[in-house]
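The following account leads from the chain as a whole to two of its strands and their surroundings. Please keep the sequence and the structure in view while reading.

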Amino acid sequence: MSGRGAGRLVDAYDLVIFDLDGVVYLIDEPIPGAVEAIGRLHDEGRSVSYATNNASRRAADVAELLTGMGVPAGADEVVTSAGAAAAVLAGRLAPGDRVLVVGADALRDEIAEAGLVPVTRADEEPVAVVQGYGPRVGWAELAEAAVAVRAGAVWVATNTDRTLPSPRGPLPGNGSLVAVLRTALDRDPDIVVGKPAPGLFRTGAQRVGSSRPLVVGDRLDTDIEGAVRAGMDSLLVLTGVSDVPELLAAPAARRPTFVGYDLGGLFDVDGAVRVPAGEPEAGGWRVSNDGGGLRLDGAGPTLDALAALCAAAWSPSPDRDEGTAGQAVTVVGDSEPARAALGELGLAD
């Protein structure tokens, strides 16, 4: 059994919705092959959309950044958590209501454009606090937000991503800053707008009338879970935050439809694989469970080995309804090709 389809993955969908950080670029540098892959989608006349939890840029700014990287994009193709948060607050509050903004100028501008008044201090009596990622957010802003929320302001977080991918490895994201307030206030935000909530993906699909969208992301806890909540197929690319050990331990709500090394998997039939493939056998590989972990044997394409491993790891067992969900998975290679494949997947001892 193989986890590969008969043709190109992209041909089964009428829209590709991309996450940005960790999928298209890292900070401000394009990921190798991403510009070429998206350019190919444009050349074929395919619809694309971009959905980002990063609230430090407005849609027009994101489109300009992408265009500067060689990916022509319009603001109408971009859905940001900053814009979504402003829309949520505009629907709940009266025009002119004050909102304390913790985050970047882009979030402040979105709040103002929504007809609300951005403020910076709790003594200005804001009726809401909106919190998004900003590289200059510090203790003073967080302290004002804590005071405002304790006074009764509605607390809205643009997203709760714990980290941001970067060339130097994961860096603190908005979720880490939200955790500071969560600890100080001993409560969660009233509303979390961004992924894994399905709204960003649904908005992107609605804008072009898509009936068969594919979500491409690098994070299981935001992109992939958001796609599952939205009822959309997804492709996990291994260019950002989530890795193979995390994938094998993923609960059902965070399992992608496909996995690929990078965006080339949209076109290359050998560059992406459906997971799980069904039985723990795929493309010449066999996986067994000896009670203490998984054993990989055989030979074949590495992505097929991954499909077989996912099928085994996610199979229910008498004492676990979801296989190894939430648990670190130990994998041993029983052949030289198996050990090489595990090394390629980041699973070697």
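**From the whole chain to two strands**

The protein chain contains 11 helices and 20 strands, where helices (H or I, at least four residues) and strands (E, at least two) are DSSP runs, numbered from the N terminus. Its radius of gyration, taken over C-alpha atoms, is 21 Å, close to the 20 Å of the globule rule for 349 residues (2.2 Å times the number of residues to the power 0.38), so the chain is as compact as a globular protein of that length. The model is a predicted one, in which local features need pLDDT of at least 70 and side-chain atom pairs count only at pLDDT 80 or more, whereas totals for chains, interfaces and linings use all residues. Residues are numbered from 1 along each chain as its sequence is written, and side-chain values use heavy atoms, with hydrogens and water left out.

Along the principal axes, the C-alpha atoms of the protein chain fill a box of roughly 65 × 45 × 35 Å. Of the 349 residues, 52% count as buried, a term that means under 20% relative accessible area (1.4 Å probe, protein chains only). The accessible surface, computed by the Shrake-Rupley method with a 1.4 Å probe, comes to about 14,500 Å², and 49% of it belongs to carbon and sulfur atoms. Among contacts (heavy atoms within 4.5 Å) with a separation of 6 or more, 67% are between residues 24 or more positions apart.

Strand S6 offers a first place to look in detail. This strand spans residues 98–102, and four of its five residues are buried. Two strands are said to pair if DSSP finds at least two bridges between them. Strands of a sheet pair through backbone hydrogen bonds, either parallel or antiparallel. S6 runs parallel to strand S7 (residues 117–119), to which three bridges join it. Arginine 98 has valine 117 of S7 as its bridge partner, and valine 99 has proline 118. S6 also pairs in the parallel sense with strand S8 (residues 128–131), over four bridges; here valine 101 is matched with valine 130.

These strands belong to an open sheet of five, in the order S7-S6-S8-S9-S12, with parallel pairing. Because S7 and strand S12 (191–192) stand at the edges with a single partner strand each, one side of each is left without a neighbour in the sheet. Helix H4 packs on the sheet and touches S6, S7 and S8; its direction makes about 165° with that of S6, the angle being taken between N-to-C directions on a scale from 0 to 180 degrees, with axes fitted to C-alpha atoms, for helices over the stretch in contact. Helix H5 (residues 139–150) packs on the sheet as well, touching S6, S8 and strand S9 (154–157), and its direction makes about 145° with that of S6. S6, H4 (residues 105–113) and S7 form a right-handed β-α-β unit: with the strands pointing away from the viewer, the path from the first strand over the helix to the second runs clockwise.

Strand S13 (residues 213–217) is the second place to examine. Five of its five residues are buried, so S13 is largely enclosed by the rest of the structure. Pro213, Val215 and Gly217 lie on one side, and Leu214 and Val216 on the other. Strand S1 (residues 15–18) pairs with S13 in the parallel sense over four bridges, with phenylalanine 18 partnered by valine 216. Four bridges also join S13 to strand S14 (residues 233–237), in parallel, and there valine 216 stands opposite leucine 235. S13, helix H8 (residues 220–230) and S14 make a right-handed β-α-β unit.

How values were computed
Buried < 20%, exposed > 50% of the residue type's maximum accessible area, 1.4 Å probe, protein only.
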